[in-house]
Amino acid sequence: MSLSGGRILRRAITRNGRRLWPGTALIGVHQACEAAIPILIGVVVDTAVTPGDGTALALWVAALGVLFVLLTTAYRLGARQLMRAIAEEAHLLRLEVAAKILHPRGARTGMRTGDLLTVSTSDADNTSYLLDYVPRIAGAVVATAVSAVTLLLISVPLGLAVLVATPLVLVVLQVSSPVITRRVADQQEQAGRATSLATDLVTGLRPLRGIGAQDAAAGRYRAVSRRSLAATLRAARTQGGYLAASTTLSTLLACGVAILAGWFALTGRITVGQFITVIGSAQFLVEPFGLLAVVPSWIAEARASADRVAQVTAAGMVLPEGIATPAADGCDLRLTGVRHGPLAGLDLHVRPGEFVGVAARRPADAEALVRLLAVPAGYEGDVLLGGEPLETIDRAHARRLLLVEPHHADLFTGTIAGNVALRGDDGLAEALSAAAADEVAGLDTKVAERGASLSGGQRQRLALARALLARPPVLVLHDPTTAVDAVTEHAVAEGIRALRHGPGSAFATIVITTSPVLLAATDRVVVLGDGEVAAEGGHAELSGTHDSYRRMVLR
């Protein structure tokens, strides 16, 4: 069953109940103790200070000490439960979003990479914060109730002033909640678009420069960034105005109670101790009043984030449920009349055992081919793997048969061995050697998130070693050596051929590149021009007879 934002919030409460409700109860105890402090001080004044009873004073001071110990302990234990619940809920939401994004069949979210990153981090956290708001609301209600009952016992008019005025203030402020929700949602959407476009620009800068579109892309980013800034300012102005109004109304209410209590004390309707209790309670009530007033803004933000989480988790799948399972032996890849993006009738056949190079005159053609083989959707023509349409093959089986290693591969926090040997270390040494990655660093060397602690060339070689170690029947590599030097590139080219194309090997390898070193190591080269095959032959032959190929490769 798909979940809406509201259902996600309700589910967050129900599945964290074993921590949320005890934590909320403890926070309620803490707030009750806080509300009891001015009450106890007023009693001390009336029963010990005014009559000058030292023994009673000592006993009441001891009682105050016990009260402080209780409120401190309750808060500490309650906060511990609640922080655990918040962290676990955020973790579960991130797992759900990540599982959907990384599903082998592909999620049809309509979001860019940056949007998805925002949903899986900021929005997941914002949604889990509801588990912080619930105990805060409960604590504020408890504190208000204790103070109101106390004021009623001291003076009915004072108690009624609190009980009547508080709901009125909250109702007035609640009117602006839908506006806040809309503007926060718009802010998050625009920020996600800006982040997504920035990510696309960074990762696709090389193709953009290749077609001379970097200035147009930068202009587009400036426009999106301005819209994001405008949405952020609108949301900030709305929330700032709401906060100012809620603070003003709450303070005026507390001050009104204090002034009324002062008048009663001057006219002898309440004692000095009761006056102190009223003043203390009125001052204390500023905090729960303010919290209850700002709660709609918090919930609006959590709801907006929950809606975005729901948009991902409830998204449909790009690919159908695959059922075909072609055999791994003798697995070939055949594209016939394929139209996808800039590809316009592409024909390509890679047989078992072949090492084929694909040189694209337009970087967009190479990107489209890689994207199509990774997620075979939104195309015309036939893409067959082992004689079966690629999109109809069980996705887990398809990924074992066909591995597409993109140009920008990711590394993860951990060790080098942990990043490369994802399925065991059988053949690890050979894969590292073939990728010229055996001298990058020791296998136990720590790797920072996304490989930030390594150079670009080191990241490329480790990603290539990981792909080679997987030993898929069909391996597609996209520009695997753009960040390495010429000597290393020769070693990589020889290593790929030696590891995957020795005598009797049935492995097929496709390298999409314009590197002359890699193309020289292939059995044949397919040249793409204007989305279709423009020429085909050996690297040496094409270099001598095909002017466009020579200009593209021998630079």
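Colleague: Before we start, what does partly exposed mean here?
Modeller: Buried is under 20% relative accessible area, exposed is over 50%, and partly exposed is in between (1.4 Å probe, protein chains only). Arg84, at 44% relative accessibility, counts as partly exposed.

Colleague: Okay, and what kind of model is this?
Modeller: It's a predicted model, where local features need pLDDT of at least 70, side-chain atom pairs count only at pLDDT 80 or more, and totals for chains, interfaces and linings use all residues. Residues are numbered from 1 along each chain as its sequence is written, and side-chain values use heavy atoms, with hydrogens and water left out.

Colleague: Which residue does Arg84 form a salt bridge with?
Modeller: Glu88, with the closest N and O atoms 2.8 Å apart. A salt bridge here is a side-chain nitrogen of Lys or Arg within 4 Å of a carboxyl oxygen of Asp or Glu.

Colleague: Where do those two sit in the helix?
Modeller: Arg84 and Glu88 are four residues apart in helix H3, so about one helical turn separates them. Helices are DSSP runs of H or I with at least four residues, numbered from the N terminus.

Colleague: How many salt bridges are there?
Modeller: The count comes to 18. One of them joins the side chains of Arg15 and Glu96, at 3.1 Å from N to O. That pair links distant parts of the chain, with Arg15 in helix H1 (residues 5-15) and Glu96 in helix H3 (residues 54-101), 81 residues apart.

Colleague: New topic: is Asp365 buried or exposed?
Modeller: Asp365 is buried, with a relative accessible area of 0%. Its salt-bridge partner is Arg362, which is partly exposed at 26%.
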